[in-house]
Every structure is written in structure tokens, then in C-alpha cells.
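Below are some notes for a colleague who is opening this model for the first time. Please read them with the structure in view.

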Amino acid sequence: MELVNYYHILKVEPSADLDTIKKSFRHEIALYHPDKNKSEGAKAHFDLLVEAFDILSNVEKRKAYDEMLKASASNKPVLIEPKKQEQYTEWKKDAKKKSDTFRLTDLSDLLLLDLFLDVGLSSLFSGTDNLIEGLEDSLGDIFDIF
């Protein structure tokens, strides 16, 4: 099994925090989304971006992935447990489904959806200060893309 380096795909360091990962993901999908990029290879790279984000933005998946990546970096033959290999394969399948959905979604709609998910639906009900602050931060990230 070949392990993809998702940090390289998203152009972030392994120590990157979630906000940095989200910002890089937004930037990269804006470059490779079918609305903007019809070149050969763009679809495959877009799929990898979604897969990378899906794994690195989930605390549990990222921890397990980091362990697998560390083991594979030792340049020694690595025996990955069948359970972990199966889990990684399942993650890739889940990410592929998300990628198919994201690819069919208009880029501006996708970024707006991400904006509201990033702010958090709970902030809609907890007062306007949190909502406005979150929207300002996320809108700034989106405008940086364009």
C-alpha cells in the first residue's frame, strides 16, 4: 500500500493547525475545481485535495494517518496492520464520494457552504458577536483566494 503525503498535497507542514489546513484547502480547491480548471489531471488532483482535507481535518483520522506516515518514513519495510490498511482504504472511499459531490457543486456554493460550516451552526444561535467574527475571518480567507 502506498501512503499519499496529504501534507504535501495541501502544501502545509505536518505541524499545521486546522485553520491553516482549511485556508490551504480553500485556496487549492479554488485552483482545481472544475469551474476554474479544465486541464488534464485537475480532476485527479481535486480528488486528492478533498481526500487530504477529509483526513487532516478530522482529529482521529489525522492521528492515525500521522502514525502510518511516520512508520512509512523510516525507509524500513513497514508492516501496516490489516485493520489500519482497511481503515485507510475506507477513508479514501469516503473522500472519493465527497469529492464527487464537491466537483458537481458550483465553486462559489462550495465555498459558501464551507463558510457556514466553518463558522459553526451553533454560533447562529449563541449570539451575533460570534457569528459576525467567524464570518469576517472566513470571508477574509475566501477573498484571499480570489
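The numbered points below go through the basis of the model, its core, one helix, its charged pairs and a few single residues.

1. Basis. This is a predicted model, in which local features need pLDDT of at least 70 and side-chain atom pairs count only at pLDDT 80 or more, while totals for chains, interfaces and linings use all residues. Residues are numbered from 1 along each chain as its sequence is written, and side-chain values use heavy atoms, with hydrogens and water left out.

2. Core. The largest nonpolar core (buried Ala, Val, Leu, Ile, Met, Phe, Trp, Tyr and Cys residues joined through side-chain atoms within 4.5 Å) has 23 residues. Buried means under 20% relative accessible area, exposed over 50% and partly exposed in between, with a 1.4 Å probe and protein chains only. L10, Y65 and Y88 have the most contacts inside this core. At least two of its residues come from each of α1 (6–10), α2 (18–32), α3 (42–56), α4 (59–72) and α5. The most come from α3, which gives seven. Helices here are DSSP runs of H or I with at least four residues, numbered from the N terminus.

3. L10 and K11. Not counting residues up to four places away in sequence, L10 touches I21, S24, F25, L49, A52, F53 and L56; contact means heavy atoms within 4.5 Å. K11 lies in the loop between α1 and α2. K11 has a positive phi, near 60°, although K11 is not a glycine. K11 is exposed, with 59% relative accessible area.

4. Helix α5. This helix has 23 residues and reaches 33 Å from first to last C-alpha, close to the 33 Å expected at 1.5 Å a residue; the expected span is 1.5 Å times one less than the number of residues. Y88, W91, A95, S99 and R103 are buried in α5, and the buried residues of α5 pack against α1, α3 and α4. Q85 also belongs to α5 (residues 82–104), and Q85 is partly exposed at 34% relative accessibility. The C-alpha atoms of Q85 and M68 are 9.2 Å apart, with their positions 17 residues apart in sequence.

5. Salt bridges. The whole structure has eight salt bridges, each a side-chain nitrogen of Lys or Arg within 4 Å of a carboxyl oxygen of Asp or Glu. D47 pairs with K43 at 3.3 Å between the closest N and O atoms; both lie in α3, four residues apart, about one turn of the helix. D47 also pairs with K96 at 3.4 Å, N to O. That second pair links distant parts of the chain, with D47 in α3 and K96 in α5, 49 residues apart. D47 is buried at 13% relative accessible area, whereas K43 is partly exposed at 44%. K43, D47, K96 and D100 are linked in a network of salt bridges.

6. K84 and E67. Their side chains form a salt bridge at 3.2 Å, N to O. This pair links α5, which holds K84, with α4, which holds E67, 17 residues apart.

7. R62. What is the nearest side chain of opposite charge to R62? It is D66, 4.1 Å away, and R62, though buried, has no salt bridge. For charge, Lys and Arg count as positive and Asp and Glu as negative, with His and the chain ends not counted. R62 lies in helix α4, and a polar atom of the R62 side chain is 2.8 Å from the backbone oxygen of P14.

Key:
A polar contact is a pair of N or O atoms within 3.5 Å; within protein, one must be able to donate a hydrogen and the other to accept it, and residues adjacent in sequence count only if both atoms are side-chain atoms.
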